[in-house]
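Reader: Here's a model I'd like to go through with you. Can we start with the pocket and then look at the helices?

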Amino acid sequence: MIEHATPLARTRVKICGITRPEDVDAAVAAGADALGFVLWPGSKRAIDEARLAQLAARVPAFVTRVGLFVDSDPALVARCAEHLDLVQFHGEETAAFCAASPRPWIKALRMRDGLDLVAAAEAYHGAQALLLDAYRPGVPGGTGETFDWSRIPASLAKPVILAGGLTPANVAEAIGTVRPLAVDVSGGVEARFGVKDSARLRAFLRAVRAADAARAGD
Ligand SMILES: O=C(O)c1ccccc1NCC(=O)[C@H](O)[C@H](O)COP(=O)(O)O
């Protein structure tokens, strides 16, 4: 369980892999704090710049628009940044590369064997948070797989966004075990790749709120 300098009022929720206007609306209506747009063309959830502009314009104030990149050309990041509040680097980007981001940024780390999270948190000291995701060789993200949450140290220099295989059924346990700043989900709230399911979105948000309520009663 992570120690936070400031007690968290509630767990933030990021819904990733949004590709359709109706899914922007459904995620916002369900109570999402952040929406993720995949700008890496290799993903089955990828959108292009024109689509990003269209979707980002639908997002109301106080919901964070996150653009996800995998070892992308900085020129693409810069063009997309006009429509984004936060950049998510989900590849093998160095700390120096991330530091040149045109927007505040988070770094995704895939939990491969031997990853030293304490060292990574120091290396990526400019990050707003670390997004911890499952590791599957050759697949940069969106695997739908969990990892061993007990590998996350209690004390880390950066807030944690927990990702990887979260669903309405397991997110409460994940929050109780890790107590992250935020949880991130893609496949667990989908009907199929890139198409969110509004009932699953609502169920996911309900499960997060129930976990927060249980924690407040601790
Ligand atoms: O979602 C993708 O297709 C993707 C592709 C390449 C890099 C990252 C990708 N997704 C990143 C996310 O933030 C996902 O929400 C995260 O990997 C968790 O996905 P899931 O296990 O499906 O909930």
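Author: Sure; helices (H or I, at least four residues) and strands (E, at least two) are DSSP runs, numbered from the N terminus. This is a predicted model, where local features need pLDDT of at least 70, side-chain atom pairs count only at pLDDT 80 or more, and totals for chains, interfaces and linings use all residues. Residues are numbered from 1 along each chain as its sequence is written.

Reader: What average pLDDT does the protein chain get?

Author: For the complex, the predictor gives an ipTM of 0.97 and a pTM of 0.96. In the chain, 98% of the residues score at least 70 in pLDDT (per-residue confidence, 0 to 100), and the average is 96.

Reader: Which strands each supply at least two residues of the shell around the ligand?

Author: The ligand is surrounded by 26 residues (C-beta, placed from the backbone, within 6 Å), with Cys16, Gly141, Gly142, Ser186 and Gly187 the closest. The strands that each bring at least two shell residues are β2 (34-38) and β8 (182-185).

Reader: At roughly what angle do the axes of α6 and α7 cross?

Author: Helix α6 covers residues 171-178 and helix α7 covers 198-216. Their axes (lines fitted to C-alpha atoms over the stretch in contact; angles from 0 to 180 degrees between N-to-C directions) come within 8 Å and cross at roughly 35 degrees.

Reader: Which residues of α6 make that contact?

Author: Contact here means C-beta atoms, placed from the backbone, within 7 Å. From α7 come Phe204, Ala207, Val208, Ala210 and Ala211. On the α6 side they are Val171, Ala172, Ile175 and Gly176.

Terms used
Contact = placed C-beta atoms within 7 Å. pLDDT = per-residue confidence, 0-100.
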